[in-house]
Each structure stands twice: as C-alpha cells, then as structure tokens.
Amino acid sequence: MPKFLQVVSVQEAVQTITSIARPVSTETIPLEEAGGRVLAEDVTADLDIPGFTRSVMDGYAVIAAETSGAGEALPTILRCTGRVLMGEGTTAPIRRGECVYVPTGGMIPPGADAMVMIEYTEELGDQVLVQKPVAPGENLILQGEDFKAGEQVLPGGTRLSPQDVGALAAVGRTRVEVYRRPLIGIISTGNEVVPVGTTPSGSQVRDVNSYLCRTVAESCGCRTRSYGIVRDEEEALAEVLNRAAVETDGVLISGGSSKDARDHGATVIARAGSVLVHGVALAPGKPTIIGKAGAVPVIGLPGHPASAYVVLMVLGIHLFGGLTGGGPRPSRVETAVLNVNIPSTRGREDYIRVSLDRDDGKKTVATPLFGKSGLLNTLVRSDGLIRIPAGAEGMEAGTPVEVLLW
C-alpha cells in the first residue's frame, strides 16, 4: 500500500463521499416525532387547503363592486343580514345591497368576493356604513389557495422543520415515512490516546476526536456508537473496523491516516473493502482517507483535533447528509471583512479559523486565528472558517469574505 494515493481536490473528495453515502432504510413514525427527521416520500394534499374561501380579518363580506367610491364623507350603505360563526358556514348567498359579518378565519358566504375591515365601517342598527372601497379578492384566502387537492406539499428528502410538520398536520398525516437515523461508528486510534476521565502521563493525550465526531454527526441527524480506543496495531484495528462495518451505516476512524509507519488506517480499510481517496488538497486535513468497509462508507480523519474538525465540517457533513437522505445540513454563512493578509499555497484549499468582531455596528471584521493543527484553542476562540480557493495565493486585508459559521 503506497503512503499516499493521488491527492484529489476537495470537490472530487465530496463527489466520492456523495457517491458512496446512500440513504439508509426507512421507517414510519408518528407525526409528533417527525421534527428534524428526513421525509422518505412525497406528500400531497388530500383535499383543498383551505377547503373554503375564508376571511383574513374581522369585518364584512361584500360584493366589491358595490364599494366603489366609498369614503368617510360618502360611505356605501349596506344591510347586514347576519353573522358567520367560526366552524360554521352559510349557504345563504349575499345579494346586492347586503353584507355579512365574518370573523377572522370564517367562511365567506356565496356571492361575496371581498372583505371590508371592521375599522373602515360603522354600524347603525342593521345598516353598515362602508368607508373604504375594496377590490375583488381583497382580504380573502381563496379555497385551495394554500394547496389544492393532489398538489405536492413536501418532496421526499425534506428535513422536516416545525413549519413542515405543521403542513403535514394540515393534510391529515398522523404518521409519516422517514429515513431512519443512520448509526455512525466512531473509532479512535493511537497508543498515546487515553479516555477523557484519565489523567494523561508522559506523552499521553485525552481522546478529544471521539467527542468532536459524535457531536457533529448527531447535529446532522445521525446516531453514534463509540468503539473505544484502539492501539496502533493493524490486526486490532481490522477487528474493530470489521465489527463496526456490520453494526453501523458509516464509520469514522480518528488517527492512523498519515504517513507514519504506525498509521494503519489505509491498509486496514483496503483489507475491509477499498480505499477510494487517500490525500485531499485541503489544509488542514491532507491525510484524509475515504473508502469502504464492505458497502459501508469510511472516513479516516487526521488525529489532530483542529484538522479532524475541519474535515468533518468540509467533508464529513456530506457523509452524514447522504446517509440521512436529506443532504448536508445548510451552512450558516456571515459576510465579513478580512483585517490582515493571509498567505496560502496554490493548489490546495485552505480553511482558516477566524473570530468575528461585530461590535462597531458598521461591518463585521474577521480576524484569522493562526495555529497548528494540534491546538484546540483556535477552535474554541473562533467563530468559523473562511475558505481560500485552491487557485488563490492568499487573501489581502480588506477583502470581503464569507465565514462558514460553526
């Protein structure tokens, strides 16, 4: 196994992950549990929504043409023939010279084609003085204006927001088919790595990356399972990877991806299936591995926490999004102005951690936090990343940049 296969671009790495991260199986769940899940079916309206033409405010249903020219000095005088009650309709048609009181959300009587706001009327017994003209359709929601019967309400692949769940309720879906939440196996490697509850001694370090992996995966709609810390031994890693590939939908291996003789990630993944990428034109994160253990996608992450986290945010989200069926979670982006020059190496994408200063009320300023990939402080103190394209040789101070927020 060569130390590195051909280093690929970030775009090619994303395409590779997307091609192997297929949606998992589906399940049917109660609507009240559907928030945040990914819809696995197209949903259509079972009937017109609304099922009747309704008022959007308190007032009087009228024939719009009869209000032409109405004003405070010369109002249109109509006879009020009744009131519509909420939850009840009326089949009695409105005639010329008449109006009917309708509360917000109430059904408009047949023959009426507009609503006059109550603020522009005055009652005198059974007479109503209309002091402002209205146009046909004004202050109404027409039958089927929201959704018509048979119209698609939500396509499959939608990650269900609160408003989406509300729409499902409106079309009578008490249960929905969704993709189940994928299970991601997390393996940490390294003779120097110890559990977080252990006080490190000598050259030992606590297991940070497992928790980074867990938090990012779960924020993308996945479940996680830890397979503990595996020593830098090929057979030990192979045994754990083979077990994880049977029990999970995707695997993250932290450490073991670089060129050191003790790093067995690429060899073990190749034994279990195939290595598709070993080396991405990405900084930090060049040693990243993308492969399969059997049919299960695997990403081998660098061991340094900052590198691992950048790879998760740039590449890992495509693994999680592909498995959930909903695509990668939308990026939160904020525009800022760079306040210092940033050097970069042409031919690779650089992701620079930055902090944002939003205090001056005029513009947001991005300050790079330069630091080695083994440092956590730049992650903790930063607000996000800026991307320097592979074809650029850095960015100059004063350049507008898009910050990918954590």
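Q: Which residue just after helix 2 takes a positive phi?
A: Keep in mind that this is a predicted model. Helix 2 covers residues 162-170, and the spot to look at comes just after the helix, where phi is about 80°. The residue there is Gly 172.

Q: Within what arc do the buried residues of helix 2 fall, seen down its axis?
A: The buried residues in helix 2 are Asp 164, Val 165, Ala 167 and Leu 168. They line one face of the helix, because their directions seen down the axis fall within an arc of 155°.

Q: Which residues are exposed on the other side of helix 2?
A: One side of helix 2 holds buried residues such as Val 165 and Leu 168, and what covers them includes strand 2, strand 11 and strand 12. Go round to the other side and you find the exposed pair, Pro 162 and Gln 163.

Q: Is helix 4 oblique or roughly parallel to helix 5?
A: Helix 4 (residues 234-247) and helix 5 (residues 265-272) have axes 10 Å apart, at an angle of about 45°. Roughly parallel would need an angle under 35 degrees. That angle therefore makes helix 4, relative to helix 5, oblique.

Q: How many residues of the contact of helix 4 with helix 5 are charged?
A: On the helix 4 side the contact includes Glu 234 and Glu 235, and on the helix 5 side Arg 271 is one of the residues involved. Alongside 6 nonpolar and 3 polar residues, the number of charged ones is 3.

Q: Are helix 3 and helix 6 roughly parallel or oblique to each other?
A: Helix 3 (residues 209-219) packs with helix 6 (residues 305-324) at an angle of about 30°, the axes being 10 Å apart. Their crossing is right-handed. With the cut-off at under 35 degrees, the two helices are therefore roughly parallel.

Q: How many residues of the contact of helix 3 with helix 6 are nonpolar?
A: Leu 212, Cys 213 and Val 216 are among the helix 3 residues in this contact, meeting helix 6 residues that include Tyr 309, Leu 312 and Phe 320. The contact has no charged residues and 1 polar one, and its nonpolar count is 10.

Q: Which residue is joined to Pro 284 by a cis peptide bond?
A: Pro 284 sits in the loop between strand 19 and strand 20. Omega of the bond is about -5°, and the partner is Ala 283.

Q: Does Asn 139 count as buried or exposed?
A: Asn 139 lies in the loop between strand 9 and strand 10, with a positive phi near 65°. Its relative accessibility is 17%, and the cut-off is under 20%, so Asn 139 counts as buried.

Technical notes: Residues numbered from 1 in each chain as written. Predicted model: local features only at pLDDT ≥ 70, side-chain atom pairs only at ≥ 80, totals over all residues. Heavy atoms only, no water. Buried < 20%, exposed > 50% of the residue type's maximum accessible area, 1.4 Å probe, protein only. Helix = DSSP H or I, 4+ residues; strand = E, 2+ residues; numbered from the N terminus. Arc of directions from axis to C-beta. Contact = heavy atoms within 4.5 Å. Axes fitted to C-alpha atoms, helices over the stretch in contact; angles between N-to-C directions. Parallel < 35°, antiparallel > 145°, perpendicular 65-115°, else oblique. Nonpolar A, V, L, I, M, F, W, Y, C, P; charged D, E, K, R; others polar. Left-handed = near helix turned anticlockwise from the far one by under 90°.
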